[in-house]
Amino acid sequence: MSSLEKLKQTNSLSDLAKLIGYKPNSLAYIIYKIPNEKKYIEFKVPKKTGGERIIKSPTSRLKKLQRRVADLLNDCLEEILSENKHSLSHGFRRNHSIISNAQKHVKKRHVFNVDLKDFFPSINFGRVRGFFIKNHHFKLKPKIATILAQIACHNNELPQGSPCSPVISNLIGHLIDIRMVNLAKRAKCTYSRYADDLTFSTNKKEFPNIIAVRKENGSNIWIPSRTLVNEIKKIGFEVNESKTSLQYKTSRQITTGLIVNKKVNIKKEYYRMARAMCNELFATNEFYLKSDIDGEEAKKGTVNQLIGIVNFIYYVKRLHDKRKLNERHYNPSSITKLYRRLLFYKYFYALKCPLLICEGKTDIIYLRCALKQLAKDFPTLIEKKDEKYNFNIAFLKFSKQLRDVFAIAKGTSGLCRILEMYPKIMSKFYAPGKVFPVIIIIDNDDGASKINSILQNKYKINNHCNREFNYICDNLYVVHIPSLEGQNVSIESLFNPELLKTKIDGKIFNPKSYLDKKKEYSKTVFAEKVVRMNQNDIDFTGFKPLFNRIELAIQNYTQINAEHLEGPWLSRDKNNFEAKINRPSAEG
């Protein structure tokens, strides 16, 4: 049964509570017992066009409830809109964005933008309740409609800052879309909406006056037609006449902030500002958000804010990048190079503690579980306080985004790419950094032959497999899994052999890539169902030599960079660290 059908069948607060995963008492308490003045926190943010926007942010308890309701309504919305092959609304929807909205208006002779005034505040309590009762898709019981309106509304309006407001505005805004698309068909125009931004475009020689008209004879200022204004008023909204524009193909055409003349693209000045901010960060370890981007005076920004800006530019420009993933590292685009440097800066240069890079996500599970059990032996790597573990090291998780930007594959070949590009990219940074080491952990078997070849040929490191650690360059190290008498070993070799024989549903463990799924289970299953679920009972003694090597690598880098000994990581327990790293290793 679909989410929409389940919602339509609810008859009481208890039914609705069960549907969204709440206890009836908890739901009733949030709606009826918490005073309205304690449900929201109000603050102001500047608008790009001047003035201030009031944001009403729900408190954590109400926000959690609104998110559950928003998820349910989003499922209902997607079910309703799936009937239409062509999307009209692109704001606050899954798999939609300002990019998908802008794509509707590429290569058009005329592009006309209209903005709705006070979009969220125009939708009041009675309107929300009435929509859920009367709309033919919902037709909810009045009691359920009332409860939904009570959860979503504040001071008789949809508050900006509530998780419910976007999806409910989209549901009610669908009435706008129906009227506007019919009007656009009469005018032979293309129509789309992103939240409160309506866009009409056409290749007709003259822009249809049923949509917009010149403000005065001979004037080049266009305003919404009376027909358009009246159609919007019939649905309970109002046009913001100060934010309308008609753009010709001979000039720059903008839709939801993106250029649409020949293809969806970023404004050049936006890209230049982002690049300037990156260069500022790379040179000084700080940067200031420019006024043209956030609508106010320049203020100090964060690395994550800058990553968000550059990621947006990268995503838009990548739509037209015809190079395949495996070709990108040979001739990457300028935005790929910039984004790659920025991610290198965050993950490898401006570290707040030592970083471990493993061949796969299962290795991270092994190491984290092992360290928790061996916390007393390795207090420099992990600390236990009040039954909670605090890791003094971090693990790099290869996200899809990271692999795409770095143009690297999974496993050993991806680590090879990092080794190859590391010194070149790290040379682009001039600010103080590299306080902590980056340590790549690799198996000591034939699968590491490509990495070993790079160590020997590129970095001139011999006998690398038998070293406790290999210093590569900058703050980069490679540590092999300890091997006895030159045997080929993987990280799974550090477990007790009996654990590797654990059967699950009659299947045996196979750490290789190719499995007989009828008889064998994978490393992921082993890591999750054997190691993680039984970590308190597993003997992790075999991991001690590896952790000794990691500590020695950290010690070596600390000696190289003695001026950073009082850094934020080491200063917490300096004496304990010095005593630990200066003792002989377990391997002599």
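In which kind of crossing, left-handed or right-handed, does α15 pass α19? The model shown here is predicted, and in it α15 passes α19 in a left-handed crossing. The paragraphs below start from the whole chain and return to that helix pair.

The protein chain has 21 helices and 21 strands. Of its 588 residues, 48% are buried. Among contacts with a separation of 6 or more, 66% join residues 24 or more positions apart.

One such long-range pairing can be followed from the N-terminal side. Leu-7 lies in helix α1, which covers residues 3–8. Its relative accessibility is 0%, under the 20% limit, so Leu-7 counts as buried. Leaving aside residues up to four places away in sequence, Leu-7 touches Leu-16, Leu-19, Leu-72, Leu-73, Cys-76, Phe-138, Leu-140 and Ile-144. Leu-73 is 66 residues from Leu-7 in sequence, and the two C-alpha atoms are 9.1 Å apart.

Helix α4, residues 60–81, also packs with helix α3, residues 24–33. Two packed helices are described by the angle between their axes and the distance between the axes. For α3 and α4 the angle is about 120° and the axes are 11 Å apart. The crossing of α3 past α4 is left-handed. On the α3 side the contact uses Leu-27, Tyr-29 and Ile-30, and on the α4 side Arg-61, Leu-62 and Leu-65. Five of these residues are nonpolar, none is polar and one is charged.

Two loop residues stand in contrast to buried Leu-7. Lys-139 sits in the loop between α6 (125–134) and α7 (142–152). With a relative accessible area of 53%, Lys-139 is exposed. Its phi is near 50°, a positive value in a residue other than glycine. Lys-188, in the loop between α8 (164–187) and β4 (190–194), has a positive phi of about 60° and is likewise not a glycine. Lys-188 counts as exposed because its relative accessibility is 64%, over the 50% limit.

Further along the chain, Asn-452 is placed in helix α18, residues 449–457. Although asparagine is classed as polar, Asn-452 is buried, with a relative accessible area of 11%. Its contacts, not counting residues up to four places away in sequence, are Ile-442, His-464, Cys-465 and His-480.

The account now comes back to α19, residues 523–532, whose buried residues are Phe-526, Ala-527, Val-530 and Val-531. Viewed down the axis of α19, these residues fall within an arc of 120°, so they line one face of the helix. The spacing follows a general rule: an α-helix has 3.6 residues a turn, so residues three or four places apart point the same way. The cover over the buried residues of α19 includes α15 (361–373), β20 (508–509) and β21 (520–521).

How are α15 and α19 set against each other, in angle and in distance between axes? They pack at about 20°, with their axes 9 Å apart, and are therefore roughly parallel to each other. From α15 the contact takes in Lys-361, Thr-362, Asp-363, Ile-365, Tyr-366 and Cys-369, and from α19 Lys-523, Thr-524, Phe-526, Ala-527, Glu-528, Val-531 and Arg-532. By class, six of the residues are nonpolar, two polar and five charged.

Methods. Residues numbered from 1 in each chain as written. Predicted model: local features only at pLDDT ≥ 70, side-chain atom pairs only at ≥ 80, totals over all residues. Heavy atoms only, no water. Axes fitted to C-alpha atoms, helices over the stretch in contact; angles between N-to-C directions. Helix = DSSP H or I, 4+ residues; strand = E, 2+ residues; numbered from the N terminus. Left-handed = near helix turned anticlockwise from the far one by under 90°. Contact = heavy atoms within 4.5 Å. Buried < 20%, exposed > 50% of the residue type's maximum accessible area, 1.4 Å probe, protein only. Arc of directions from axis to C-beta. Parallel < 35°, antiparallel > 145°, perpendicular 65-115°, else oblique.
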